[in-house]
Amino acid sequence: MNKKITLAIMVLAAACVGCKPKDAKTGEAAAAGMMEEQTPIVFVRTVEKEEIPQDAVYASSVQANAVNNIVPQSGNRIQKINVEIGDFVSQGQILAEMDKVQLEQAELKLRNDEAELERVRQLLQEGGISQSDFDQLQLAFNVSKSSFQNLQDNTILRSPISGVISARNYDRGDMYAMGQPIFTVQQITPVKILVGVSESDYTRVKRGDKATITVDALPGKEFAGTVIRLYPTMDAATHTFMAEVQVRNEKRELRPGMYARVTLNFGATNNIAVPDAAIVKQQGSGQRSVYVLDSETSTVSLRNIELGRHFDGKYEIVAGLEEGEVVVVKGQTALKSGIKVEVR
């Protein structure tokens, strides 16, 4: 009797394990239906036109406006050194003096030729000498004068520009042997920066355009510059051309070799702009898109666009959108074209 009761209980338990209440099945189906019908929530913005700055930033290095190597015309002993590396010098300032023996000899000859010329000038007026003889003496005097001036320029070495001494390769008493320059002078008021401008901006850049310069060595400071020269040829490999930007650098804060960023301002355009968050990047391609809302049907469609400048957390839209259209700026992850959305 006990065996029969035990067997009946086991059969009943097995039957109940595979059973589900009718109400439970109905609840699961209802939940699935709610998930399928759930409408994505999005945030949108109406696109408008605004003033968009047309500028570009280029990396380059500061250069001296002019660089002069100070050397005499021929080898000679250095008699005097007047300046050191880092000294600021003025145009015409004496930097060094070479041995003056040849200069003194040339000066004596010049004075002698000058005196002789004055003597025969009087004879010419009195008819005591022919014009051709006088012309020969005049020529000899001119040659002596030119030779003396040349020796003077190559014995007393002056700076041709105002600038800073950036190199000194000899000491007093050394024999200059036509090797390295005795001094290098660099003009740093002003300085120049050569900027490799993109080919696409060729028609935008012109002489007189303003530029803003920043350097890593002087954080927080900006310097004003001006485009003073455009190079006539374009680099075939990089498709860039050189624009020379000049900075007055009156306080001498910018120094040659500093890494610089140059911002060229091309003015502004009135165009459509959308926030960064609105842009959809398609995987595996360079295509950029936005979801556009149809306000009547509350549906969205994916539309390809062409981007322009990036500024202040926004992108300029060159093509693909019209003013007044509504784009999704948040909630794009659950979207696809034609889907109905709930706007917040």
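Trainee: Let's start with one pairing: which residue is the bridge partner of S60 in β13?

Mentor: That's A260. Two strands pair if DSSP finds at least two bridges between them. Here β2 (residues 48-70) and β13 (residues 259-275) are joined by 13 bridges and pair in the antiparallel sense. β2 also pairs with β9, again antiparallel, over eight bridges; N68 has V185 as its bridge partner in β9.

Trainee: Before we go on, what kind of model is this?

Mentor: This is a predicted model, so local features need pLDDT of at least 70, side-chain atom pairs count only at pLDDT 80 or more, and totals for chains, interfaces and linings use all residues. Residues are numbered from 1 along each chain as its sequence is written, and side-chain values use heavy atoms, with hydrogens and water left out.

Trainee: And how do I read pLDDT?

Mentor: pLDDT is the predictor's confidence in each residue, from 0 to 100. The protein has a mean of 85, and 89% of its residues reach 70 or more. Residues 1-20 are below 50, and beyond near neighbours in sequence that stretch has two contacts in the model. A contact means heavy atoms within 4.5 Å. Residues 22-36 also stay under 50.

Trainee: How many helices and strands are there?

Mentor: Both are DSSP runs, numbered from the N terminus: helices are H or I with at least four residues, strands are E with at least two. This protein has four helices and 19 strands.

Trainee: In what order do the four strands of the open sheet come?

Mentor: Read across it: β6-β5-β3-β8, with antiparallel pairing. β6 (156-158) and β8 (175-176) are the edge strands, each pairing on one side only. Helix α4 (residues 131-155) packs on this sheet, touching β5 (94-98) and β6, and its direction makes about 65° with that of β6. For such angles, axes are lines fitted to C-alpha atoms, for helices over the stretch in contact, and the angle runs from 0 to 180 degrees between N-to-C directions. Two bridges join β3 (residues 76-81) to β8, and N76 stands opposite Y176 there.

Trainee: Now E316: is it buried or exposed?

Mentor: Buried means under 20% relative accessible area, exposed over 50%, and partly exposed in between (1.4 Å probe, protein chains only). E316 counts as buried because its relative accessibility is 6%. You'll find E316 in strand β17 (residues 314-319), and the residues it touches include I52, T269 and F311.

Trainee: Which side chain makes a polar contact with that of E316?

Mentor: The side chain of N271, at 3.1 Å. A polar contact is a pair of N or O atoms within 3.5 Å; within protein, one must be able to donate a hydrogen and the other to accept it, and residues adjacent in sequence count only if both atoms are side-chain atoms.

Trainee: Where should I look for odd backbone angles?

Mentor: Try two loops. M178, between β8 and β9, has a positive phi of about 60° although it isn't a glycine. N249 sits in the loop between β12 (240-247) and β13, and its phi is near 55°, also positive in a residue other than glycine. M178 is partly exposed, at 49%, while N249 is buried, at 6%.

Trainee: And which peptide bond is cis?

Mentor: The one from T189 to P190, with omega near 10°. P190 lies in strand β9.

Technical notes. Lists of a residue's contacts leave out its neighbours within four places in sequence.
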